[in-house]
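Student: I should like to work through this structure by question and answer. Could we begin with the charged pairs and then turn to the helices and the cores?

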Amino acid sequence: MAIGIATVAVVLELIDIWVTAQLPQPAYTPLPLAPEDMAGTAFPVFGAILVYSRPRLVIGWLLCVGGLSAAANILSANVFQLLYGSASHGRVIVNLTWQVLELTLGVLLPLLYPVGSLLSKRWRRVIWLAVSGMALDWAALAIGQKGLRDPAHWMVAAAMALAFASIVVRFKRGGPVERRQLMWLLVALPGLLVPWMLGGSAWWVATLTIPLVPAAIAVAVLRYRLFGIDTLISRALVGTGLAIVTTGVYVAVSAAGSVFLSEVDRVAGIGAAVFAGAFFQPMRRGLQRGVDRLLYGSTGVPSALARRLRYRLQHADPVHGLLATLDVLREGLSVTGVAVELDGTVTTSGAVAAGPDAGPAPPAAKTIVLVWHGEPVGLLLIGPTDRRRFAAAHDERVIATLTPYIADAAHAVRLTTALQRSRERILTTREEERRRLRRDLHDGLGQSLTGMAMSINAARLTMRAAPEDADRLLADLRAGMDAVSGDIRQLVYGLRPPALDELGLAGAVEELARAPIETSGDLDRLPAAAEVAAYRIVQEALTNARKHARATRIAVALRRDDRLRVTVTDDGVGLPADARPGVGLASMRERAAELGGTCVVREAEGGGTVVHAELPL
């Protein structure tokens with residue numbers, strides 16, 4: 001049916017083109033057609049497209065009926081003008097079609113757009129006001145009281161004004177999707193309303209801009225997500241402002257040059273152009289900030305958000321600093337929530353699903369990889385848009401401006417977490433070592449000393465009566481003392497290898513390697529922790545090379561510059577392709593990491609394995 005209405009409207013317009021050609025050219029327009037002709041063609045066509053795509057949405061039907069009324073109105077007026085020399089002979093048809101046009105496109109369309117329903121039941125009064133005005137107009141025609149027609153027209157005009165005011169109210173109350181749909185219509189309406197308000201010779205311009213209105217409505221209803229309407233509005237406003245300001249500056253400088261430098265007006269013109277060009281970029285930035293504030297408010301300006309974020313980062317610890325960055329980003333984008341996922345741990349601001357423990361919040365609408373100096377540190381999860389003056393969740397400038405700060409904060413949180421875990425490992429290791437020492441001292445050394453004390457007492461009691469038994473007890477006591485000495489050496493060796501104190505690091509490592517080693521730098525006054533870590537790493541590397549790699553030649557190098565560098569190279573079988581790091585490899589890496597260093601195990605050139613550790617001093 002909608003296609004039939006559009007076809008009838010187009011046929012009426014084709015007939016009207018022929019009728020218009022028989023009439024004198026109107027004085028108000030240089031075009032061979034009237035605004036009603038354009039409306040009678042564009043509105044039904046786009047209305048039919050909407051009805052075909054969304055048959056239950058009343059917006060498409062309003063476009064079809066309104067467009068058909070426009071076509072019938074202009075055709076009937078021109079036909080009576082051609083036949084009788086005046087359209088007043090067909091005032092019933094002309095008046096009826098015009099009122100249908102006003103009711104559908106001037107009252108019902110703005111009241112129902114874009115969802116097809118009123119904001120509330122109270123807005124029905126606007127429809128009744130328009131219908132009452134039209135009924136009063138018919139009554140004035142029937143009784144011949146032309147004075148009543150003016151109040152009737154004012155009632156209809158008031159209803160139309162209230163209907164368009166409902167768009168502003170709907171924009172204020174609506175969500176992001178509805179606001180984007182409304183913005184498409186608000187962009188297209190000025191092209192129609194401005195010439196209409198100017199009236200007179202400017203009205204014909206609306207003929208060219210009328211198709212923009214139904215086209216914008218169709219795009220808003222069907223494909224509003226495919227286009228960045230906020231970007232379009234921003235660029236249009238900035239470009240218009242630049243044109244106005246640049247032209248004004250050029251005219252002002254040219255006028256001033258003509259007054260004060262009348263002899264060199266050409267030079268003044270060049271100076272005006274240079275002056276306007278020099279201030280082009282500052283003006284563009286200023287206008288862009290103004291448009292951003294207009295569309296998004298103060299929270300949508302990237303530079304303002306960045307300043308706020310820097311301030312909050314400077315006055316917060318790393319964990320709360322990350323939360324501060326998420327709060328600023330959530331407010332700036334006006335989204336339901338923002339979260340950062342770091343090593344399986346989720347830090348959230350607002351409602352956004354970000355992992356198994358995030359709860360039933362809505363899923364993330366956008367995921368961004370956070371990169372710190374080329375290293376991925378986590379994921380930034382941005383939730384759906386929230387209500388605001390205009391949705392800015394897809395404003396890439398805001399995201400691009402704030403993401404580096406969030407990556408820095410995320411990296412700081414990772415470092416803080418790693419430091420905390422390292423402290424926990426050190427504390428756990430210390431307490432485990434204390435428990436081991438306590439157990440060894442109590443169960444080993446303590447029991448041995450207790451036994452020795454009992455042997456001494458027994459020897460004292462039997463010394464005079466049975467010297468042979470006393471001698472045997474003293475011999476056993478001597479053997480027990482040797483065992484206790486061995487236990488003490490084991491305990492001391494577990495705390496710090498004695499060879500380090502006796503021979504130094506280089507000598508102790510040579511004793512382990514049972515061969516000369518390569519050394520460079522001063523290895524005599526090293527920190528105790530670095531000495532022990534280097535010794536244990538070499539010890540573990542030599543054990544692996546001899547036990548698992550079946551190496552025949554092992555080279556050890558110790559170098560000291562700004563840090564201690566330990567290298568153990570063997571010619572063994574190398575690392576298997578499916579090798580899994582065992583306790584020994586993990587122990588070497590942990591000893592280096594405890595000092596803030598690194599330990600790398602790799603294949604050597606020509607075969608074998610290289611263990612290289614760097615320990616800060």
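Tutor: A salt bridge is counted here when a side-chain nitrogen of Lys or Arg lies within 4 Å of a carboxyl oxygen of Asp or Glu. The model is a predicted one.

Student: What is the N to O distance in the salt bridge between Arg 565 and Glu 614?

Tutor: Arg 565 belongs to strand E7 and Glu 614 to strand E9, so this pair ties together parts that are 49 residues apart in sequence. The two side chains meet in a salt bridge, and the N to O distance is 2.8 Å.

Student: Which residues do salt bridges with shared partners join into one network?

Tutor: Arg 565 also forms a salt bridge with Asp 562, at 3.0 Å from N to O. Asp 562 is exposed, since its relative accessible area is 57%, and the cut-off for exposed is over 50%. Through shared partners, the network joins Asp 561, Asp 562, Arg 563, Arg 565 and Glu 614.

Student: How many residues apart in sequence are the parts tied together by Arg 559 and Glu 518?

Tutor: The closest N and O atoms of this salt bridge are 3.0 Å apart. Arg 559 is partly exposed, with a relative accessible area of 30%, and Glu 518 is likewise classed as partly exposed, at 46%. Arg 559 lies in strand E6 and Glu 518 in strand E5, so the parts tied together are separated in sequence by 41 residues.

Student: How many salt bridges does the structure hold?

Tutor: The pair of Arg 559 and Glu 518 is a salt bridge, as is the pair of Arg 565 and Asp 562. For the structure, the number of salt bridges is six.

Student: Why are the buried residues of H1 said to be on the same side of the helix?

Tutor: Helix H1 spans residues 2-22 and reaches 31 Å from its first C-alpha to its last, close to the expected 30 Å. Its buried residues are Ala 2, Ile 5, Ala 6, Ala 9, Leu 12, Glu 13, Asp 16, Val 19 and Thr 20. They are on the same side of H1 because the arc that they cover around the axis is only 135 degrees.

Student: Which exposed residues does the face of H1 turned away from its buried side carry?

Tutor: The cover over the buried residues of H1 includes helix H2 (35-53) and helix H3 (58-84). The face turned away from the buried side carries the exposed residues Ile 3, Leu 14, Ile 17, Trp 18 and Ala 21.

Student: Which element gives the most residues to the largest nonpolar core?

Tutor: This core has 31 residues, and those touching the most other members are Leu 505, Val 509, Val 556, Leu 564, Met 588 and Val 611. Elements giving two or more residues include helix H18, strand E6, strand E7 and helix H20. With eight residues, the element that gives the most is H19.

Student: How far apart in space, C-alpha to C-alpha, are Arg 602 and His 612?

Tutor: Arg 602 is found in strand E8 and is partly exposed, with a relative accessible area of 43%. Leaving aside residues up to four places away in sequence, Arg 602 touches Leu 575, Gly 608, Thr 609, Val 610 and His 612. Arg 602 and His 612 are ten residues apart in sequence, and their C-alpha to C-alpha distance is 8.4 Å.

Technical notes
Residues numbered from 1 in each chain as written. Predicted model: local features only at pLDDT ≥ 70, side-chain atom pairs only at ≥ 80, totals over all residues. Heavy atoms only, no water. Helix = DSSP H or I, 4+ residues; strand = E, 2+ residues; numbered from the N terminus. Expected span 1.5 Å × (residues − 1). Buried < 20%, exposed > 50% of the residue type's maximum accessible area, 1.4 Å probe, protein only. Arc of directions from axis to C-beta. Contact = heavy atoms within 4.5 Å. Core = buried A, V, L, I, M, F, W, Y, C linked by side-chain atoms within 4.5 Å.
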